[in-house]
Amino acid sequence: METGFAAALGAWRDRKAPLAHALSAAVREAVVDGRLPAGTRLPSERELARTLGLSRGTVVTALTRLRDDGWLHTRHGSGSVVRLPARLTERTTPWSLDRGGAGDADLDLTLAVTAAPHDAYLAALDRAARRSAALLVDSGVATAGLPRLRDLLADRYTRAGLPTRPEQILVTSGAQAALTLLVDHLHTDPRRPVAVESPTYPGALAVLRGRRARLLPIPVTATDGWDTDHLTAAVRRRNPQLLYLIPDFQNPTGAHMSAATRAEIARLQLPVIADETMRDLDLRTPPGTEPHLAGPGVIQIGSASKILWSGLRVGWIRARADLVRHLRRNPLQPQLSPPPLEQLIAAELLGDGLDAVLADRRRRLRAQRDHLAGLLDGTGWTYTIPGGGLSLWLRLGPTPSATELAARAARRGLALTPGPLFAADGATLTQHLRLPFTATPDVLTRAVALLRACLTGQ
């Protein structure tokens, strides 16, 4: 035990710091890296001092630092165990993004992603493990999805006003996998374009460009949403093969489609893929009751990654049962299907406890959104505070361009995503910038301070 603990710390004595500081820092890093699992019981202070060749006073100082900082829990008579502090587990943003998730950046605001609901996820993982015995005696090959998960998803749609049977659900390894499978099946005529919003989710653009699809941009703005007259005219004139939309808190604009616009789009005579990954991230008080974008030609796709954790690669397609059967015969389907244990975890999280998890997520995201909006006062940039989603879509002044501003920010250690990445043509939207509000308030404060410095040249 003692030697294993010492090995997990690595070459901690090489640090240029007092021994107690170096030891506490090494324990923290070992917990974060997984070399020292949370919940590990530490040897006694006397045993640690002997094993590490330190005075007992040095060990006591190091453990006190860890205890005060939340990395160690001590119960009288039961010893001490390492743990992740509450400031890491009770937050909506991945801790790694505070440390620079994009190359050499100190702060990374390129990703609009959330951390897992820590306690709820661990509890779901435990329940899923207990349910997994029956899976282990089966083949584990890809299917349309575990029956329990398909039942649960069908019931969620039905309760939201869209009657759905389990055979209308196909489980995939995320929404992007769902889109990949659908585009492979539906995009059969390279002469006909695919209509997409501009701006839109870069991952969707990557899937469509990978299929060498010709893109037909459909403008969407944070203030005006979708111009259905423009959309209808473009469909009539260009005859696209399919239409990809994000009707709920559109990524990146945050636009939310009205019930009237949904009904009008549902009447279009072409397949419509409705990406609903943001639908549950409704930050309005109370949440709205807009119907699903639905109709004879509409296919819904969803995902657990935005509402729960980007590391939970479980998504789904809701479509006609005959289309689901066709998609199951696609050679790509087994590659785009999540492992059974991931599906078990998703079923646990998407079950009865989801409302409480979502309420907590919405509360935190709402506060972070409003904090970011307050920080941007006085910049001269314009934006609409979205009713949901994960980011603000900023329109900058005439100079600098978003690309130049992102380059300046990168030199100061802040990674950002400029507007052209969201453009269907990859070149326009040069005066726009997406700022996620998934980060903690202190990180958002530091990021906006860096942005202001980029504008003033300080």
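# Briefing on a predicted single-chain model

The chain holds 18 helices and 15 strands. Please keep in mind as you read that this is a predicted model. Its 458 residues give a radius of gyration of 25 Å, which agrees with the value near 23 Å for a compact globule. Below is a friendly tour, from the whole chain down to single residues.

**Overall shape and surface**

- Along the principal axes, the C-alpha atoms occupy a box of roughly 80 × 65 × 40 Å.
- Of the 458 residues, 52% count as buried.
- Among contacts with a separation of 6 or more, 70% are between residues 24 or more positions apart.
- The exposed area of the chain is about 20,400 Å², and 53% of that area comes from carbon and sulfur atoms.
- On the charge side, there are 57 positive and 43 negative side chains, and the centres of these two sets are 2 Å apart.

**The loop between E8 and H13**

- Proline 247 sits in the loop that runs from strand E8 (242-245) to helix H13 (259-266).
- With a relative accessible area of 0%, proline 247 is under the 20% cut-off, so this residue counts as buried.
- Beyond residues up to four places away in sequence, proline 247 touches Trp226, Ala255, His256, Met257, Arg262, Ala274, Asp275 and Leu293.
- Leucine 341 lies 94 residues from proline 247 along the chain, and their C-alpha atoms are separated by 31 Å.
- Phenylalanine 249 is also placed in the loop between E8 and H13.
- The backbone of phenylalanine 249 has a positive phi of about 55°, although this residue is not a glycine.
- Phenylalanine 249 has 2% relative accessibility and therefore counts as buried.

**The loop between E9 and E10**

- Histidine 292 is located between strand E9 (272-275) and strand E10 (298-303), in the loop.
- Its relative accessibility is 11%, so histidine 292 counts as buried.
- The side chains of histidine 292 and glutamate 276 are joined by a polar contact of 2.7 Å.
- Setting aside neighbours within four places in sequence, histidine 292 is in contact with Tyr157, Ala160, Leu162, Arg262, Glu276 and Arg279. Arg262 also appears among the residues that proline 247 touches.
- Proline 286 belongs to the loop between E9 and E10 too, and the peptide bond leading to proline 286 from threonine 285 is cis, with omega near -5°.

**The loop between E5 and H11**

- Another cis peptide bond runs from serine 198 to proline 199, where omega is near 10°.
- Proline 199 is in the loop between strand E5 (194-198) and helix H11 (202-210).

**Towards the end of the chain**

- Leucine 429 is found in the loop between strand E14 (417-418) and E15.
- This leucine 429 is a residue other than glycine with a positive phi, near 60°.
- Alanine 439 occupies the loop between strand E15 (432-436) and helix H18 (441-456).
- The relative accessible area of alanine 439 is 4%, so this residue is buried.
- Alanine 439 is in contact with Thr93, Leu109, Gln368 and Leu444, leaving aside neighbours within four places in sequence.
- Although alanine 439 and leucine 365 are 74 residues apart in sequence, their C-alpha atoms are 8.9 Å apart in space.

How values were computed. Residues numbered from 1 in each chain as written. Heavy atoms only, no water. Helix = DSSP H or I, 4+ residues; strand = E, 2+ residues; numbered from the N terminus. Rg over C-alpha atoms; globule rule 2.2 N^0.38 Å. Buried < 20%, exposed > 50% of the residue type's maximum accessible area, 1.4 Å probe, protein only. Contact = heavy atoms within 4.5 Å. Areas by Shrake-Rupley, 256 points an atom, 1.4 Å probe, with all protein chains shown as cover. Lys, Arg positive; Asp, Glu negative; His and termini not counted. Charge placed at Lys NZ, Arg CZ, Asp CG, Glu CD. Polar contact = N/O pair within 3.5 Å; in protein donor to acceptor, adjacent residues only side chain to side chain.
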